[in-house]
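Me: I am new to this structure and would like a close look at one part of it, a single strand with its surroundings. Please explain how that part is put together and what lies around it.

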Amino acid sequence: MKPIFLFLCSLLLPVFSARAQENRPLRVACVGNSITYGALIPNRDRNSYPAQLQQYLGTGYEVRNFGVSGRTLLTRGDLPYIQTSEYRASLDFRPDIVLLKLGTNDSKPQNRGCLASDFLSDYRALIRSYRELPSRPEVILLTPVKCFTDENISDSVIGGRIVPLVRRLAYEDGLAAVNLYNLFGDRWDPATMPDRIHPSSIAAGRMARTIGEYILRNCGKPAAVYPATLPAPVDRSNFHGHTQYDFIMPWGKTGEGVACRLVLPRVYAEGQPWVLRARFWGHEPQADIALLENGFAIAYCDVANLYGAEEALERWDKFYGLMTRAGFSERVVLEGMSRGGLPVYNWAARRPERVCCIYADAPVMDLKSWPVGSSPEDTRLMMAAYGFRNEKQMRKWSRNPIDHAAALAGTDIPILHVVRDADTVVPPAENTEVFRERYEAAGGTRMEVIHKPGVGHHPHSLTDPDPIVGFVLRAAGLYSNPCVRPVPGNEFRSAAGWVPGAEWHGIAEDITATLRRHAERADSGKRLRVLLLGNSITQGFGGCRRLVAYKPGREAMDGAVGDSSCWESAGISGDKTQNLLWRLRHGTYDVVCPENIVITIGINNLIAGDRPEEVTEGIEAVAREAARLFPASRIILFGLLPAGADGSDPLRRKSLRVHRLLAERKAALPDNVRYVDPTAWFVAPDGKPLPGLYSGDNIHLTAEGYRVWSGRITALLEE
């Protein structure tokens, strides 16, 4: 292994040493087709994935877009990329990192005939042309994204033939690869991919974050190597672009051993984390692939036909010892699908101090639910594995996973289940729900369940594994909170309340221009009394902005504070905390010196799936940045307005959690920031919104809602 390790390091280290000597940003070349170019994306120069990647990576990088629409990787394709001027320009750019995203157009009928014979050789030639540059760049392969069509561009060819070829190339040539194929799930969403092929600006932002996190986490770091303390591998193979090592763990008096597997990430994450997967190796691997890209190793120790019985737990004890002595984390992620839930939970109950978290997918939690009554052969093998003499003895068994619920409720182990509501093989009502009821009754608070309505036992996992991966990263302390990373927005939709044709950057520039006009009036002694910062709810005040078409709150604010020359709204529809944070840092808002600032942000983060704890951090970051930018202003921090139909609505519950956290931490806010919870102004004691204040979505305010809010703001200003 040592020569491979030295070879990989030789590819990475010159990139970063050269940059250090030249004191310049790392140059990133984005090579690809129309998806890289940003076809159909409004203002693509700012909203294509390379443009958003530049903002995500920051000033330490220089990202350039070399995408060309319609181009193929195949040199015998109808429009080869290597024949373009952009290809030659990408070589002249002397990049330090090259992102290659080609293959979508190779799925067309006129091109796909050459896939088997030419794809790998043509890709290798393209890669070689970059590697031979004096800058010796690191080359990262990006799989094509899933397309929701099989007409001309064919997703069945992309997913069935091209993506496996890209992963094979990554494995055989020791290249980094990032899986974008599963990024947008398996159901077409017009907001993500309007024409079923090209990502929208919002989807391009998701690509930018995924690629950006990979670059920040992995580039310039030494490659992971197979630990010398583990048994020598008996086989090496390709696991979706990563190297899988098969080895035998000594076991038993006869010395036959236990089959084990280990897949290494390209670069270890901090602490060398790992996942121990129970059963069904390689089935629905998208979460495992994503965790590998995040620096986790994926391991397997065979416990087939043991059903979580004593021998299975003893095997895992020994395997755990091998892995931790090899340098892997002492707290392992347990992953169990279906019957894999049996060893996962039985071992976790025995060794809770060794468990980082549990991800279980349609897990068997009770032997009486499965295999008894479902599979006679599995029932026979299970009875033998446990040593049960008869079914009566088995039914008295009190160490099923459901019986460990109270014990696990007393630990700090996070638990995630993915279940299918129409599952008749492992019914949730007999397994996950029984466990959850007992767990919560014992005081457990760290379990969450993702339901897939109308689906049977298969397919396991999630096509887009992001919720699973985020859960594991949070449990391991490796999650990068997007709520605090400043990035521009990428909204473009007709319902945003903007004039036709406007997009996020134009709206942001309109705010800057509006504030400059206010600053000119301030030179004549008319100082801005209130500046409102936020999202679409704040944007609804309207103010003097020229690109906002919908202003239901303007009249109310004019009546409460004074005419619109005294106040201004700097809200943008769809904005999250990270977008407002970016605007505060780049929007030159300090051209005005408002007496008061009102901040209302965070609801879009919750809608997007960010956790209340993460959203709270984002809100606090916005407040601190505003305090830094406007040290002489009084800042009123509302956080977010109440949302949802009533107190049981998940969005309302998350909103209330944010407010509890803000209240607990308000003492740590800057001196000129005052936190105020506005919930009671808008909801009745029973938790329902007060009549007439909200539109039908229970998020946005009516004109009457703005009247109530404006009055409350005025009262706070006059205190």
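Reply: Two strands are said to pair if DSSP finds at least two bridges between them, and the elements themselves are DSSP runs numbered from the N terminus, helices being H or I runs of at least four residues and strands E runs of at least two. This is a predicted model, in which local features need pLDDT of at least 70 and side-chain atom pairs count only at pLDDT 80 or more, while totals for chains, interfaces and linings use all residues. Residues are numbered from 1 along each chain as its sequence is written, and side-chain values use heavy atoms, with hydrogens and water left out.

The strand to look at is S15, which spans residues 530-534 and is mostly covered, since 5 of its 5 residues are buried (buried means under 20% relative accessible area, exposed over 50% and partly exposed in between, with a 1.4 Å probe and protein chains only). The cover reaches both faces of S15: Val-530, Leu-532 and Gly-534 are buried on one side, and Leu-531 and Leu-533 are buried on the other.

S15 has a partner in strand S16, made of residues 567-571, and the two pair in the parallel sense over 5 bridges. Within this pairing, the bridge partner of Leu-531 is Glu-568 in S16, while Leu-532 stands opposite Ser-569 in S16. S15 is also joined to strand S17, residues 596-600, by 5 bridges, and these two strands run parallel; here Val-530 of S15 stands opposite Asn-596 in S17.

These pairings belong to an open sheet of 5 strands, in the order S16-S15-S17-S18-S19, with parallel pairing. At its edges are S16 and strand S19 (673-675), each of which pairs on one side only. On average, and with direction ignored, neighbouring strands of the sheet are turned by 20° against each other, where axes are lines fitted to C-alpha atoms, for helices over the stretch in contact, and angles run from 0 to 180 degrees between N-to-C directions.

Helices also lie against this sheet. Helix H19, residues 554-561, packs on the sheet and touches S15 and S16, its direction making about 140° with that of S16; contact here means heavy atoms within 4.5 Å. Helix H22, residues 612-629, lies across S17, strand S18 (634-639) and S19, and runs at about 170° to S18.

Two loops elsewhere in the chain have backbone details that can be set beside this picture. One is the loop between strand S14 (447-452) and helix H16 (466-475), where Pro-459 is found; a cis peptide bond joins His-458 to Pro-459, with omega about 0°. The loop between S14 and H16 also holds Ser-461, which is not a glycine and yet has a positive phi of about 65°. With a relative accessibility of 0%, Ser-461 counts as buried. The other is the loop between strand S12 (355-361) and helix H12 (376-386), which is the place of Pro-371, and there the peptide bond from Trp-370 to Pro-371 is cis, with omega near 10°.
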